[in-house]
Amino acid sequence: MTKTEFLANPKATSLDSLRQRLAIAGIELYVTKKRVKNINFRLKPYCLSVSVPMSINTTQMVEAIARRVPWALDNHAKVLEQYQRKQSLESESASADSPIWLWGKPQKLSLNPDEKVAYYRQQLSDVLPALFDKWQPIVGATASEVRLKKMHTRWGSCNTRARRIWLSVYLPAYPIECCEYVIVHELCHLHHANHSRAFWQTVATAMPDYQQWHDRLAGKSGRLD
């Protein structure tokens with residue numbers, strides 16, 4: 001089956017096949033069982049979050065999500081456009097003396113855009129050796145090379161063949177746990193190149209509280225590959 005046929009196929013036999021179908025379009029699927037009466041869907045940039053009742057069985061859950069996958073695929077571009085427009089307006093309206101954030105805390109600094117990037121690059125470079133020394137043994141994978149880049153659409157990416165990891169230079173604006181999560185995410189791709197169930201199980205095993213740091217970054221214009 002070609003990529004086009006796979007995207008257009010409304011049927012799915014498992015949660016993994018739904019995740020794969022969405023992943024082709026750059027959307028990650030998160031399913032959480034909660035004490036709710038109905039299945040709730042929330043489409044965000046690069047993410048479809050689904051809350052399902054505790055009592056629902058797997059077949060009912062998969063069928064319900066499968067029916068909404070075409071909706072997510074059709075509307076994701078619009079969600080991205082609306083979010084990016086909002087981000088642009090917020091950026092334009094921000095005052096010149098807005099605080100610089102470092103690891104989730106405001107700093108008494110006034111920097112122009114180039115100085116800000118240089119500041120974040122240095123801060124991230126300072127902590128990366130220790131963070132990779134911490135997480136590589138836990139994940140059980142080692143990167144051959146780590147590079148930093150001015151990325152506005154991604155928090156990180158991984159070239160699995162070269163075992164090269166790229167990280168967004170803007171990560172130091174968020175709590176350091178967010179940066180750790182991105183590192184764990186990309187290291188786990190050295191075990192699993194896609195976003196399969198096995199991949200997310202590997203992430204959860206390495207970092208059980210990853211979801212809160214993922215959620216902190218979700219919708220902040222970047223995504224993870």
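**Reading the terms in this model**

User: Are Y119 and Y120 buried or exposed?

Analyst: Y119 and Y120 are both buried, a term for under 20% relative accessible area (exposed is over 50%, partly exposed in between, with a 1.4 Å probe and protein chains only). This is a predicted model, where local features need pLDDT of at least 70, side-chain atom pairs need pLDDT 80 or more, and totals for chains, interfaces and linings use all residues. Residues are numbered from 1 along each chain as its sequence is written, and side-chain values use heavy atoms, leaving out hydrogens and water.

User: How do you know that S144 is exposed?

Analyst: S144 has a relative accessible area of 57%, which is over 50%, so S144 is exposed. S144 sits in the loop between α4 (113-139) and β6 (145-149); helices (H or I, at least four residues) and strands (E, at least two) are DSSP runs numbered from the N terminus. Beyond its neighbours within four places in sequence, S144 is in contact (heavy atoms within 4.5 Å) with A162 and R163. S144 and I165 are 21 residues apart in sequence, with their C-alpha atoms 8.1 Å apart in space.

User: What makes β6 and β7 edge strands?

Analyst: An open three-stranded sheet has the order β6-β8-β7, with mixed pairing. Strands β6 and β7 (156-159) each pair on one side only, where pairing requires at least two DSSP bridges. Four bridges join β7 to the antiparallel strand β8 (residues 164-168), and C158 has I165 of β8 as its bridge partner.

User: How many aromatic pairs does a search of the whole structure find?

Analyst: The search finds six aromatic pairs.

User: Why is the pair of Y30 and W200 called edge-to-face?

Analyst: Aromatic rings (Phe, Tyr and the six-membered ring of Trp) pair if their centres lie within 6.5 Å; planes under 30 degrees apart are stacked, over 60 edge-to-face, the rest tilted. The centres of Y30 and W200 are 5.2 Å apart and their planes stand at 65 degrees, so the pair is edge-to-face. The two residues are 170 apart in the chain: Y30 in strand β1 (residues 28-34), W200 in helix α6 (residues 197-206).

User: What makes the pair of Y119 and Y120 tilted?

Analyst: Their centres are 5.9 Å apart, with 45 degrees between the planes; the angle lies between the limits of 30 and 60 degrees, so the pair is tilted.

User: How do you know that Y30 and W200 are buried?

Analyst: Y30 has a relative accessible area of 7% and W200 has 8%; both values are under 20%, so both residues are buried. Ring pairs also link Y30 and W200 with Y181, F199 and Y210 into a cluster.
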